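This briefing is intended for a reader who has the sequence and the coordinates at hand. Please consult both while going through the points below.

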Amino acid sequence: MRWLSTIALHVLLLWSVTATAAQPPKQAYVSSAHPLASAAGIEILKQGGNATDAAIAVTAALAVVEPYGSGLGGGGFYLLRHAGKKTNYQFLDARERAPLAAHANLYRINGVVSTKLSLDGPLAAAIPGIPAALDELSQKHGRLSLAENLAPAIALARNGFAIDKVYQERASWRLAALQKDPESARIFLDQQQLPKTGWILRQPDLANTLSLLAAQGAKSFYQGPFAEKLVQNIQNAGGIWSLKDLALYQVKWRQPLIVPLAEQRQLITAPPPSAGGIAIAQSLLMLQRLPWQQAKPAQRAHYLAEVFRRAYRDRSLLGDPDFINNPIDALLARQHIVQMADSIQVDQATPSSHLPPGSVLYEGDHTTHFAILDQQGNAVAATLSLNMMFGAAFTVPETGVLLNDEMDDFAADVQGSNAYGLIGSQVNSIQAGKRPLSSMSPSFLEGPHEFAAFGTPGGSRIPSMNVLAMLEFLNGKAPQQWVASPRIHHQYFPDVLGFEPGALTEQQQQRLVKQGHEVKELTRNYGNQQVLWWQKDSGHSAAASDPRGSGASLSH
Ligand code: DON
């Protein structure tokens with residue numbers, strides 16, 4: 001096993017795997033949370049587009065068919081694998097930025113933080129990154145034009161599509177907020193009411209906005225008359241965006257976090273402003289020191305809970321790398337990993353209160369993830385978000401752009417607890433132009449023989465879900481099992497081992513309780529993992545979509 005040292009980490013950030021005699025994937029795959037978005041990606045691959053072109057098409061299509069999960073008014077992270085003589089990886093940070101008029105006390109009324117203000121309406125919205133990401137991806141890595149890649153989404157927005165049960169359910173959860181905003185109600189509801197499945201959702205304004213992007217690129221969104229329309233409408237409704245905010249927005253190429261693992265594998269994952277990649281890396285490194293593979297289910301759940309508890313604790317040290325110095329080297333240093341792993345007792349839970357404090361998480365309820373592998377071996381894994389379902393539930397009139405409520409991913413109250421009783425952390429306080437800390441963590445595991453891609457929505461549960469899927473892969477299971485296997489979760493605080501209905505038997509629960517865990521069956525299943533697998537010696541490839549969602553993995 002190779003371990004990271006401070007210097008080695010920097011070298012590793014530039015790490016690239018020398019391609020051995022890998023057989024290119026026999027089949028290309030697009031795995032996304034909606035069949036129509038996956039189909040849009042396949043259409044682009046058939047036209048000769050590469051994985052990046054397909055990623056652009058899928059992003060835009062998801063903005064249309066999964067308006068509750070992601071969109072032009074939101075942000076996200078893209079992890080790219082470029083095949084070639086030397087494989088290399090890139091990470092595009094299209095995370096939203098706080099408006100310049102934002103400040104630490106933005107959501108305080110009479111000294112008390114109002115969570116409502118950071119969740120609903122235009123004051124909750126940070127400056128979106130997706131339009132800039134589409135343009136940047138197209139310019140840097142696209143083979144087809146931006147217009148060609150956006151065409152399927154434009155058609156879906158203009159012609160409409162029949163909504164499914166998932167749409168209906170999401171809209172029902174967010175009905176009151178959607179009804180409150182006339183423009184959102186007009187577009188996403190059927191005469192103010194929850195639409196029935198099969199109802200056709202048409203978004204001509206969004207089609208026009210996408211057409212403008214297709215013709216003129218991102219500047220048509222961030223500058224000129226369109227930007228003026230956004231700012232004017234947002235200010236009229238109580239928001240604080242300015243033209244300068246939009247003009248200054250930039251996506252950032254960042255070095256992905258690359259961490260060597262046992263058996264010549266490496267983890268390639270999201271760096272800050274995601275906290276997720278570091279938690280995944282810490283978890284896998286700790287697990288390498290624990291006999292989780294041989295452990296029976298309850299004992300394995302114990303190890304996992306203890307590992308997650310420790311990894312999530314360090315989240316409070318992380319924030320936007322443009323504003324703070326993230327202690328990545330220290331968090332991944334051998335000494336720290338060993339100390340954490342060795343502090344795990346075989347048969348006893350460590351109460352989180354016995355570990356030095358960190359921050360508690362509060363994140364939203366919906367987001368999206370997709371994965372693409374083309375026949376050259378180029379791959380994209382992307383997690384995109386509006387934060388809560390339907391974001392801030394505020395659509396800018398005449399644009400079809402539904403705004404995010406990603407401002408809620410900041411610690412609105414760093415001193416005490418917020419309205420939900422959750423503790424904040426100074427490094428993730430609200431500051432003008434800052435990116436809120438995220439859990440989104442599109443990831444690859446790659447070794448000499450295999451390549452695998454992982455990712456899911458799910459707020460604070462994203463990193464633990466990604467680790468669970470990775471463990472199925474490391475255990476030699478098929479992709480269908482990576483996405484399907486039952487989930488457990490621990491995030492330091494609350495000090496609870498949560499599990500999906502059916503994930504642990506009564507007996508296993510009792511054993512964990514005896515070990516000192518507070519176990520809690522969750523009210524519903526969670527997550528929507530989309531994965532890819534490529535066996536490089538044979539060229540065999542496969543993909544799978546989480547059975548908990550209505551996504552589809554399509555091949556070409
Ligand atoms: O960036 C984050 O961590 C959150 N805004 C993601 C929210 C999310 O995944 C909700 N999904 N179900």
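The points that follow concern a sheet, the helices packed on it, and the surroundings of the ligand. The model is predicted. Its open sheet consists of 7 strands with antiparallel pairing, and the shell around the ligand comprises 17 residues.

**The sheet**
- The strand order is β8-β3-β2-β12-β11-β1-β22.
- Because β8 (252–254) and β22 (552–555) each have a single partner strand, these edge strands are left with one side that has no neighbour in the sheet.
- From one strand to the next, the twist averages 15 degrees.
- Strand β3 (residues 88–94) is joined to β8 by 3 bridges in the antiparallel sense; Asp93 has Lys252 in β8 as its bridge partner.

**Helices on the sheet**
- Helix α3 (residues 51–65) packs on the sheet and touches β1, β2, β11 and β12, with its direction at about 155 degrees to that of β11.
- Helix α4 (residues 130–141) also packs on the sheet, where it touches β2, β3, β8 and β12; its direction makes about 15 degrees with that of β2.

**The ligand**
- The residues that come nearest to the ligand are Thr367, Glu406, Asp409, Ser438 and Ser439.
- By class, the shell holds 9 polar, 5 charged and 3 nonpolar residues.
- In the side chain of Glu406, an N or O atom is 2.6 Å from a nitrogen atom of the ligand.
- Oxygen atoms of the ligand lie 3.0 Å from a side-chain N or O atom of Arg95 and 2.7 Å from a backbone N or O atom of Ser439.
- Of the 340 Å² of accessible area that the ligand has on its own, the protein covers 98%.

Methods
Residues are numbered from 1 along each chain as its sequence is written. This is a predicted model: local features need pLDDT of at least 70, side-chain atom pairs count only at pLDDT 80 or more; totals for chains, interfaces and linings use all residues. Side-chain values use heavy atoms; hydrogens and water are left out. Two strands pair if DSSP finds at least two bridges between them. Helices (H or I, at least four residues) and strands (E, at least two) are DSSP runs, numbered from the N terminus. Axes are lines fitted to C-alpha atoms, for helices over the stretch in contact, and angles run from 0 to 180 degrees between N-to-C directions. Contact means heavy atoms within 4.5 Å. A residue is near a molecule or strand if one of its heavy atoms lies within 4 Å of it. A polar contact is a pair of N or O atoms within 3.5 Å; within protein, one must be able to donate a hydrogen and the other to accept it, and residues adjacent in sequence count only if both atoms are side-chain atoms. Accessible areas come from the Shrake-Rupley method with a 1.4 Å probe; for residues, only the protein chains shown count as cover. Ala, Val, Leu, Ile, Met, Phe, Trp, Tyr, Cys and Pro count as nonpolar, Asp, Glu, Lys and Arg as charged, and the others, Gly among them, as polar.
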